[in-house]
Amino acid sequence: MSDKQVDEISGVSTTGHEWDGIRELDNPMPRWWVWTFYATILWALIYAIVYPAWPLLTSSTQGLLGFSSRSEVRKELAAADTARSSYTAAIKEKSIDDILAEDQLRSVAVAAGSAAFKMNCVQCHGSGAEGSKGFPNLNDDDWLWGGTAEQIRQTVAHGIRFTKYGETRDSIMPPFADVLDGAQISQVSAFVASLSAPAKNVELVEPGKEVYAQNCAACHGDDAKGNKEMGAPNLTDAIWLYGSGEEAIAAQVRAPRAGVMPAWETRLGDAAVKELAAFVYSLGGGEK
Amino acid sequence: MDNRDVTRLDVVASNASANRQPLYARRKKIFPKRASGAFRRFKWIVMAITLGIYYLVPWIRWDRGAFAPDQAVLIDLSSRRFYFFFIEIWPQEFIYIAGLLVMAGIGLFLVTSTVGRAWCGYTCPQTVWVDLFLVIERYFEGDRNARIKLDAAPWSLTKLRIRFAKHATWLVIAVLTGGAWIFYFADAPTLAKDFVTGNAVPTAYATVAILTATTYVFGGLMREQVCTYMCPWPRIQAAMLDETSLTVTYNDWRGEPRTRHAKKAAAAGASVGDCVDCNACVAVCPMGIDIRDGQQLECITCALCIDACDDIMDRIGKERGLISYSTLNDYNANMAVATAGGTSEVAPELVRKADGSFSDKLAHFHIRKLLRPRTFIYFGAWSAIGVAIVLALATRDRLEINVLHDRNPQFVRLSDGAIRNGYTVKLLNMVPQPRTVTLELDDEFSGASMTVAGSSDDGVRKTEVMLEADRLKTVRVFVKADPKALSSGGAKPFVFVVTDPSTGERAEYTATFNSPEALQ
């Protein structure tokens with residue numbers, strides 16, 4: 001270190017470090033660079049004081065400004081709520097049909113409903129509302145409890161067979177395993193299946209019709225088109241919640257399954273329910 | 001030879017490589033002398049045109065009807081439109097801008113390979129604004145000698161007043177420069193009013209502040225340092241010059257040996273070149289170099305030294321062009337003549353005949369020398385892109401359709417057994433007038449019908465859609481098909497057609513109709 005080395009070409013002293021015969025010049029830092037460096041140090045010091053910075057055992061220093069990213073999020077959410085407030089107020093106030101009639105309000109409600117759907121409904125109905133066995137597809141035009149916007153809203157609000165909630169849509173198909181014998185069940189299944197597809201066991205259809213008229217028509221109707229008042233499905237269409245075909249129908253006659261949907265009114269509030277209904281209605285199958 | 005004395009100017013080319021300071025030393029101020037001549041005149045004209053375009057273009061009005069802004073050139077960032085007179089560009093048409101940028105790049109190659117660093121010397125904003133700032137400086141402080149004297153003088157009220165006036169004027173120009181920029185991004189008259197009354201957006205003020213600072217600092221204070229230290233362009237341009245490019249050249253084959261006492265030296269029998277070493281070329285140089293050192297990175301080829309030298313040559317009765325635009329080829333050829341093929345020092349008598357006129361062996365520039373494969377290729381590529389852009393612009397669609405099939409569910413079976421697919425259809429009305437278009441299913445897709453969400457048309461093959469002026473309209477479309485009409489299950493391509501009945505414009509989109517593989 002004692003003997004100072006000087007580069008012959010530039011006349012600048014070197015640091016003494018050498019790589020492959022190239023020595024590093026010991027030029028001073030540009031002044032603007034040095035001052036910028038000092039400024040960043042100062043900035044870091046101030047930052048460490050006014051913002052949360054130093055880790056402690058269980059938490060960290062809070063900083064003089066009291067900044068926290070959590071409270072920032074809260075502020076942003078509140079701001080978003082305020083920005084939406086005129087729409088949310090209108091949605092709360094108006095009926096679902098009025099909301100759907102207004103272009104602007106409808107698109108807001110559908111967008112909000114879509115978000116709420118992804119949070120609360122996709123677990124059963126699927127991310128595209130396409131449903132699955134036992135969980136209705138909300139895109140199609142077959143509605144157990146009615147497909148007008150208001151009926152959808154009521155279903156979402158009150159739930160289905162959700163006994164904790166007094167106003168829930170409630171009705172259930174009794175099991176027929178004890179009422180009908182095996183042959184009758186086969187007959188009625190063959191008859192029901194024949195309503196929407198060419199019959200496989202033609203000889204069972206006529207007796208099945210008899211069985212149907214005595215046992216099933218009360219709820220599903222003489223024409224088997226169902227009854228939305230009690231959620232009795234239309235048996236003449238191509239849509240089967242628990243599977244199509246005689247086998248699946250027979251199983252359902254013997255020991256019917258019935259789904260449960262929670263009442264969302266108490267959980268999400270009136271406005272969110274209307275938004276959900278608007279979204280489901282917009283999927284394309286809604287009835288006029 | 002004229003007897004009038006040519007005064008030698010006391011000037012040091014502080015940026016010439018021989019005199020260059022270490023990077024840590026303080027900058028030596030340069031006080032360029034005012035030049036006059038053909039190139040100076042040309043530079044005034046270029047300055048007037050470029051500054052005129054920059055400051056005035058946002059104020060040109062262009063009527064586009066009630067649904068679009070009436071500013072001829074407008075970059076509307078908030079609604080993502082770029083207006084250029086009769087052309088309107090949407091973001092997805094940015095390829096036209098990209099094409100222009102490629103043209104600008106190749107254009108620079110073309111210009112550089114023919115006339116050297118003409119961009120640097122005449123049209124670069126740094127050059128133009130420094131030139132403008134020097135005009136202001138000369139107006140308040142006088143020409144070179146007066147400025148040097150003022151700079152060296154101790155601070156006094158007069159000096160303070162002069163300097164204040166100069167810097168204040170510079171700042172005004174800087175503010176106007178920054179101010180002009182923002183008018184390209186909003187309606188100029190409205191923004192000007194808002195800006196003055198304090199109602200403009202903060203971005204506008206910040207932009208003006210930044211551009212004011214850069215204009216003032218770069219144009220007034222840093223000047224040639226921007227070119228020599230900050231700008232990458234001198235390095236790139238140097239690589240694009242070749243031996244047939246025109247550059248500002250000191251023709252030492254006729255100038256050397258230079259002497260201040262030509263008559264005395266000639267009388268003594270020494271050989272005397274045309275250069276009288278008057279330093280006029282150094283005094284006018286805004287870059288602080290000596291062109292007689294040859295080509296150098298700092299030289300922006302502003303050609304003011306040509307003007308200065310021609311003036312001196314006129315005065316001493318020699319031919320103009322001791323400093324001239326010349327190609328390296330010509331220069332080398334003439335150098336070979338002057339040095340007898342490189343065997344001797346430069347001998348001026350070798351380039352002249354006995355009567356004093358130039359030897360016939362000297363090479364002269366001819367415009368034909370610029371025509372060579374390289375320039376043809378540049379020009380070919382440049383014009384090909386230009387023609388392609390014009391053709392594409394002339395034939396581009398102003399009505400477009402994009403269709404997104406629903407991801408989930410891929411299809412829906414309806415209670416009557418029909419299959420329904422959902423689509424998000426985007427209709428782009430790219431003209432500044434509202435219009436009603438028809439959306440229909442192509443005839444080939446028989447047995448299908450569609451329903452537009454929010455429309456009363458249910459199960460139709462053709463429907464009308466209202467499009468706002470200059471906007472994209474998104475519609476949800478449900479297409480329903482009877483399984484009997486679908487020959488097989490799986491994916492079936494079909495065509496959405498959108499037509500403007502009034503103009504006949506038509507756009508198509510081939511979408512897919514999905515149905516279960518096992519179609520009943």
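How far apart do the C-alpha centres of domain 1 of chain A and domain 2 of chain A lie? They lie 58 Å apart. This is a predicted model, in which local features need pLDDT of at least 70, side-chain atom pairs count only at pLDDT 80 or more, and totals for chains, interfaces and linings use all residues. Residues are numbered from 1 along each chain as its sequence is written, while chains are lettered from A and ligands numbered from 1 in the order in which they are written.

**View 1. The domains of chain A.** Here we meet domain 1 (1-66), domain 2 (71-168 + 261-282) and domain 3 (182-254). Their bounds come from an automatic or database domain assignment.

**View 2. The largest nonpolar core, with 44 residues.** Such a core is a set of buried Ala, Val, Leu, Ile, Met, Phe, Trp, Tyr and Cys residues joined through C-beta atoms within 7 Å (buried: 20 or more other C-beta atoms within 10 Å of a residue's own, with C-beta atoms placed from the backbone). Both domain 1 (38-93 + 124-239) and domain 2 (242-365) of chain B contribute residues, so the core lies between them. C281(B), C305(B) and C309(B) have the most contacts inside this core.

**View 3. Around C281(B).** Beyond its neighbours within four places in sequence, C281(B) is in contact (C-beta atoms within 7 Å) with residues including I291(B), R292(B) and I323(B).

**View 4. An open sheet in chain B.** Four strands run in the order β11-β9-β13-β14, with antiparallel pairing (at least two DSSP bridges between two strands; strands are DSSP E runs of at least two residues, numbered from the N terminus). At the edges are β11 (462-467) and β14 (506-515). T438(B) stands opposite E464(B) in β11(B).

Conventions
Buried ≥ 20, exposed ≤ 12 C-beta atoms within 10 Å, placed from the backbone. Contact = placed C-beta atoms within 7 Å.
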